[in-house]
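Visitor: Please show me the structure. I have some questions about its pockets, strands and helices.

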Amino acid sequence: MFSDPMFSDPTFLDPKDGESMSPHAADVPYRTGSAPETAPEPEVLVRREGRDGRLGRLTLNRPRAINALTSAMVGLLDAALRDWADDPTVTAVVIDGAGERGLCAGGDIRAIREAVLAGTPERALAFWADEYRLNARIGRFPKPYIAIMDGIVMGGGIGVSAHGGVRIVTERSVLSMPEVGIGFIPDVGGTWLLSHAPGELGTHLALTAARVGAADAITAGLADHYLPADRIPDLLDTLRRAADPAAALAAFDFAAHTPPPGRLTADRAWIDELYRGDKVTEIVTALAASPVPAAGADAAEIGSKCPTSLAVTLRALRAARSMTSLEAALDQEYRLARTTLATGDLVEGIRAAVVDKDR
């Protein structure tokens with residue numbers, strides 16, 4: 001493994017190498033006044049709302065791409081959170097996604113592939129470094145960070161939401177860490193989140209890349225509250241009107257709503273038993289031999305994923321269980337991501353799943 005962890009310096013949240021960091025808000029022009037109709041909209045809408053601007057709002061704004069994260073978006077998010085963390089007039093932050101399809105479908109993995117093919121893998125590494133620093137900042141943000149996890153929330157979308165203090169899912173929510181299907185690992189702090197899920201639920205989600213809805217997301221520790229999608233505007237209005245958005249959030253009637261039933265609570269007994277091995281082959285053998293139909297289906301699903309990614313992911317999950325911080329897990333993920341660039345699995349996985357879609 002490599003010997004230069006990202007987060008070994010206690011000041012890791014501050015840029016050390018200007019050339020490797022994503023642009024900050026000061027470097028990215030915001031449009032003011034009138035503009036040509038063809039002018040592109042900002043990829044992140046950054047504004048303050050409510051009484052005296054006490055509510056910070058971040059809206060990922062690439063709806064045609066289900067708000068997939070670019071390097072510029074990561075920089076804009078990070079810059080806003082850096083400013084608002086130290087601004088006493090901002091008392092809470094909300095992040096959501098533009099459009100009807102979801103909060104965020106993940107990172108812009110096409111750009112990762114293009115960087116490698118162009119012989120500039122350092123661009124991919126810079127993106128990951130910036131993204132992981134953002135994930136760490138969210139995890140330690142000192143004010144309520146409210147993530148509206150409506151619709152699709154995958155990969156990098158998990159990274160900008162599930163490390164927050166208040167995570168809200170709806171009946172439309174679909175959460176997943178699908179990285180083993182493209183020759184990668186659950187990153188953006190995914191190994192931290194999944195390794196700390198109850199029992200072996202995180203192992204199941206990581207190795208199968210299963211998609212889960214609201215109830216199962218809460219069961220697995222990836223979300224906190226369920227709210228019907230048509231109540232989201234009410235929540236936002238409440239936060240805007242409140243003299244203290246944090247207090248209004250604590251008093252909101254989340255408990256009055258119950259998500260559609262999930263599967264993980266009922267399936268946990270056999271999941272905990274069959275996923276406890278430390279080798280993928282052991283887990284697949286146990287699943288295939290089980291009389292539980294869903295276990296056999298899991299064995300087949302795992303068999304369709306990248307073998308190297310599965311083995312590395314399982315070991316990373318087991319290691320993350322004993323780690324004491326999100327930053328330590330992100331450091332491990334960065335090392336593994338860098339190693340991944342030296343193999344052909346990720347480039348081929350992105351091609352097969354996203355570019356040519358020939359699987």
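Visitor: Which residues lie nearest the centre of the largest pocket?

Guide: Keep in mind that this model is predicted. The largest pocket holds about 1,300 Å³ of space. Its lining counts 47 residues. Those nearest the centre are Ile-109, Pro-178, Ile-182, Ala-353 and Val-354.

Visitor: Which element gives the largest share of the lining of the largest pocket?

Guide: Four elements each give two or more residues to this lining: α2 (109–117), α3 (121–139), β6 and α15 (345–355). One of them contributes eight residues, the largest share. That element is α15.

Visitor: How many residues in the lining of the largest pocket are charged?

Guide: Sort the lining by class. Nonpolar residues number 23 and polar residues 10. The charged residues number 14.

Visitor: What is the volume of the second largest cavity?

Guide: A search of the whole structure turns up three cavities of 30 Å³ or more. A probe the size of a water molecule, rolled over the atoms, shows where empty space is left. For the second largest cavity, the volume is about 50 Å³.

Visitor: How many residues lining the second largest cavity are charged?

Guide: The lining consists of Ile-158, Leu-175, Ser-176, Met-177, Leu-194, Leu-205, Ala-210, Val-212 and Leu-222. By class, eight are nonpolar and one is polar. Ser counts as polar, as it is in neither the nonpolar nor the charged list. The number of charged residues is therefore none, since the division gives no charged residue.

Visitor: Which strands stand at the edges of the open sheet that holds β4, β6 and β8?

Guide: Three strands make up this open sheet, in the order β4-β6-β8, with parallel pairing. An edge strand here has a single partner, so one side of it is left without a neighbour in the sheet. The edge strands are β4 (102–104) and β8 (174–176).

Visitor: What is the average twist from one strand to the next in that sheet?

Guide: Take the sheet in its order, β4-β6-β8. From one strand to the next, the twist averages 15°.

Visitor: Which residue of β8 is the bridge partner of Met-154?

Guide: Strand β6 covers residues 152–154. It pairs with β8 in the parallel sense, over three bridges. Met-154 has as its bridge partner Ser-176.

Visitor: Which side chains of β5 point the other way from Tyr-145, Ala-147 and Met-149?

Guide: In a regular strand, side chains alternate between the two faces of the sheet. Strand β5 (residues 145–149) is mostly covered, with five of its five residues buried. Tyr-145, Ala-147 and Met-149 point one way. Pointing the other way are Ile-146 and Ile-148.

Visitor: Which residue of β7 stands opposite Ala-147?

Guide: Strand β3 (residues 92–97) pairs with β5 in the parallel sense over three bridges. There, Val-93 has Tyr-145 as its bridge partner. Four bridges join β5 to β7 (residues 166–169), also running parallel. Opposite Ala-147 in β7 stands Arg-167.

Visitor: Why is α14 described as largely enclosed by the rest of the structure?

Guide: Helix α14 (residues 326–340) reaches 21 Å from its first C-alpha to its last, close to the 21 Å expected. It has 15 residues. It is largely enclosed because the number of buried residues is 13 of the 15.

Visitor: Is Pro-307 buried or exposed?

Guide: Pro-307 sits in helix α13 (residues 307–321). Its C-alpha is 8.2 Å from that of Gly-183, with the two positions 124 residues apart in sequence numbering. The cut-off for exposed is over 50% relative accessible area. Pro-307 has 63%, so Pro-307 is exposed.

Methods
Residues numbered from 1 in each chain as written. Predicted model: local features only at pLDDT ≥ 70, side-chain atom pairs only at ≥ 80, totals over all residues. Heavy atoms only, no water. Expected span 1.5 Å × (residues − 1). Buried < 20%, exposed > 50% of the residue type's maximum accessible area, 1.4 Å probe, protein only. Pairing = 2+ DSSP bridges. Axes fitted to C-alpha atoms, helices over the stretch in contact; angles between N-to-C directions. 1 Å grid on protein atoms, 1.4 Å probe; cavity = no way out; pocket = protein on both sides within 12 Å on 5 of 7 lines; lining within 4 Å. Points joined across faces, edges and corners; volume = space filled by probe spheres on them.
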